[in-house]
Amino acid sequence: MLNLWNMTDYIVSARKYRPESFETLIGQDNIARTLKNSIQRGQLAHAYLFCGPRGVGKTTTARIFAKMINCSNPSADGEPCGQCESCVSFAEGRSYCIFEMDAASNNSVDDIKDLIDKVRIPPQVGRYSVYIIDEVHMLSTQAFNAFLKTLEEPPEYAIFILATTEKHKILPTILSRCQTYDFNRITVDNIVRNLRDIAGKEGVTIDDESLHVIALKADGAMRDALTIFDQTVAFCGTDVKYADVIRNLNVLDYEYSFSLVENFLSGDYASALRTFDEILSKGFNALHFMSALSSHFRDLLVARAGGVDSLLELAASVKERYRAQAASCSEKFLYDALTATTACEQGYKMAVNPRLHIEFCLMKLCFMNRAATQTAAQPVQTPTTQPTPAAQTTPVVQQAPVVQEAPVQNVRQRGTAGGSGLSLKSLAAREQTQASENVVPEQKEIIPSDDDIVAKWNMIKEEGKGNLRLFNAMDTAKLDLKLQNGRKIVRYCVMNDAQKIWLESLNSRLEAKMRKLLGSSLVDMVVDLQPEDPSEKVAVTPEDKAKEMMEKNPVVRSAIADLGLELK
C-alpha cells in the first residue's frame, strides 16, 4: 500500500533547494555583489526592477534582498543570519514586513489601491516594508498610472521590488523610477554543477551526459532544470542512465548524428535514409531532426577549430568524440554540409513533400563528400608531360568544346527522359561542360569576308528559333557590311524603334557570338533603323484604305458601283 503520509512530506527540488542567501544564488554573481554592496553602504533605492527569462532567480533574489535588509544580525560578508525574529518569521511565512503580490491575477486599479493603503502602515518588525510584485508587466495601464505617485515618492520605510519576464511591456515612466537589473540565463556548466550537488544530497547516481541533457533541455532556467531532474528521478529511480533520460525526455540521441556523418563521409546514402526512417518511426519531428543535425555540424566545426572548447556545452567524454570525428572531416565539407542543412530547414515548411525534401538533403550530403573524394583522387597532369609550351596551349583550346559535346547531350537526355539525373557521371559531365563552355576560342586579327558574315548571321538566326521575337527581328533586318578603319562594321537595320531598343540591350552578346564563330576580333556590330522609302505610301485614313482596296480588288469596285456608294 502507498504511504500517503510520506507523500505529503515530499517537497519538489525547486522549492526544497531554493537559494536562501546571496552566496547560494546561482549564475547571478554580479547582481548579488551589487545588492550586497548597496546594503553594506546603506545606499538603498526605493524601487528595483528585476527582469530576465523565467527560472533564473528574480523572485528568489528579491526575497533574499528583503530578508537581508531586515535582518538584525547580518554576517560580516553581507548574508542574513537566519536566526533573528525577522529571518525566522520570513522562513515560516508569517512575516508582516515582506509582502508578495502576483500582478498576473491582481492587475486592476482596485488591487493597486489596496497596495497603496498597505504602504501607509509602517513595519512592526524590522526597518523596512518590502513589496515584491511579480509579473508586473501584467498590470493594466490604469493600474500603472495609479501606482506612479506612490512608486516615485514612497514612505522612507517602503521599498518596491518589481519582477518581470517582459521588460518591454512596462511603461517608460515606471522604468525611469526604478533601478533595473537584467538577469542572465544560467549557463549549462552552472546548472550541471548544481544538479550534481543536489543528486549527491538526494542519493541519486547520475552521469555527466545525463546532466548535460537535462541542462540543455532547461534552456538556461534553473527551476526548469530541477523540475526535469525530479521527473527523471521519478522515471528512472535513484540509478539514472543516459538511455532512460533521453527516452523519458524525448530527446534525439546524438549517436544518430555521429552515425549519419559517418554515412556522409563514406557516401552510403542508403544507410542514411534508413537511419532517418528509424528516427521518424520513433516519433521524432523531422524538422527537429534537421535542427539537431545542423547543431552537430556546428559543434564539429567548433571542435575542429581548437581552443574554443567553451563553445561546446557538452560532457568531457562527448567532446572527445566530437574532436575525433571532426579530425576525419575537412573544413570545406563541414561548411558545405552546414549550409545544406540550414537551407533544408528554411525550405522545409514550403516543401510539398517534407520527407522527400529532407531525404534529398541527406543524399546530397552523401554525394557531396563522394564527389569531392573522386575529384581529389584524379591524377593531375603536369606541364612536363607536354613536348613544348606551344603544343601544350593551342590544341587544348581548339579541341576542348568538341570533345565534351557528345557526353553533355547524352547526360541531358538521360536527365529529362529517364529520371532525376543524380548519378556521379552526370554531375561530373555537367561540371566539365560548364568548364568547356567558358573556354573562349582564339580570335585572330583577320578581316572576314562578307559571305562568311552572312553565313554566320544566318546560323545565329537559326539557333535563335526558340526565341520567336529574336528570330523575327533578325529575319527582317537588313545587313549593311562596310570596312572602316581596318575593322569590319556589321550594321543590321531593323523595322521600328521598339526592335532597335530591345536589340541594343542584346548587341554585346550578339557581337561576342559573331566574333566567336568567325574567329576574328575585328568585327563590330551596330543596330540601326531601316530608312523610309518615300515610294511606299502607307494607308492611314479610312478613305485611303478604301481606295487601296478598290485598286487591288475588282470585286470591291463592282460592289460599290452596284450599290451606288460614293467615297467622301
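**Exercise 1. Which residue in strand 4 is the bridge partner of Tyr131?**

Solution. First, the ground rules. This is a predicted model: local features need pLDDT of at least 70, side-chain atom pairs count only at pLDDT 80 or more, and totals for chains, interfaces and linings use all residues. Residues are numbered from 1 along each chain as its sequence is written, and side-chain values use heavy atoms, with hydrogens and water left out.

Step 1. Locate the strands. Strands (E, at least two residues) and helices (H or I, at least four) are DSSP runs, numbered from the N terminus. Strand 4 covers residues 158-164.

Step 2. Read the partner. Tyr131 is bridged to Phe160 in strand 4.

Step 3. Check the pairing. Two strands pair if DSSP finds at least two bridges between them. Strand 3 and strand 4 are joined by five bridges and run parallel.

**Exercise 2. Place strand 3 in its sheet.**

Solution.

Step 1. Look to the other neighbour. Strand 2 (residues 98-102) runs parallel to strand 3, with five bridges between them. Glu100 sits opposite Ile132 of strand 3.

Step 2. Write the order. The open sheet has five strands, 2-3-4-1-5, with parallel pairing. Strand 2 and strand 5 (179-182) are the edges, each pairing on one side only.

Step 3. Judge the burial. Buried means under 20% relative accessible area (1.4 Å probe, protein chains only). Strand 3 (residues 129-134) is largely enclosed by the rest of the structure, because five of its six residues are buried.

**Exercise 3. Trace the helices that connect these strands.**

Solution.

Step 1. Go from strand 2 through helix 6 (residues 109-119) to strand 3. This is a right-handed β-α-β unit. Right-handed means that, with the strands pointing away from the viewer, the path from the first strand over the helix to the second runs clockwise.

Step 2. Continue from strand 3 through helix 7 (residues 141-152) to strand 4. That β-α-β unit is right-handed too.

Step 3. Add the packing. Helix 7 lies across strand 1 (47-51), strand 3 and strand 4, at about 135 degrees to strand 4. Such angles run from 0 to 180 degrees between N-to-C directions, with axes fitted to C-alpha atoms, for helices over the stretch in contact.

**Exercise 4. Which residues does Phe289 contact, leaving aside its neighbours within four places in sequence?**

Solution.

Step 1. Apply the cut-off. Contact means heavy atoms within 4.5 Å.

Step 2. List the partners. They are Leu252, Leu260, Phe276, Ile279, Ile358 and Leu362.

Technical notes
Buried means under 20% relative accessible area, exposed over 50%, partly exposed in between (1.4 Å probe, protein chains only).
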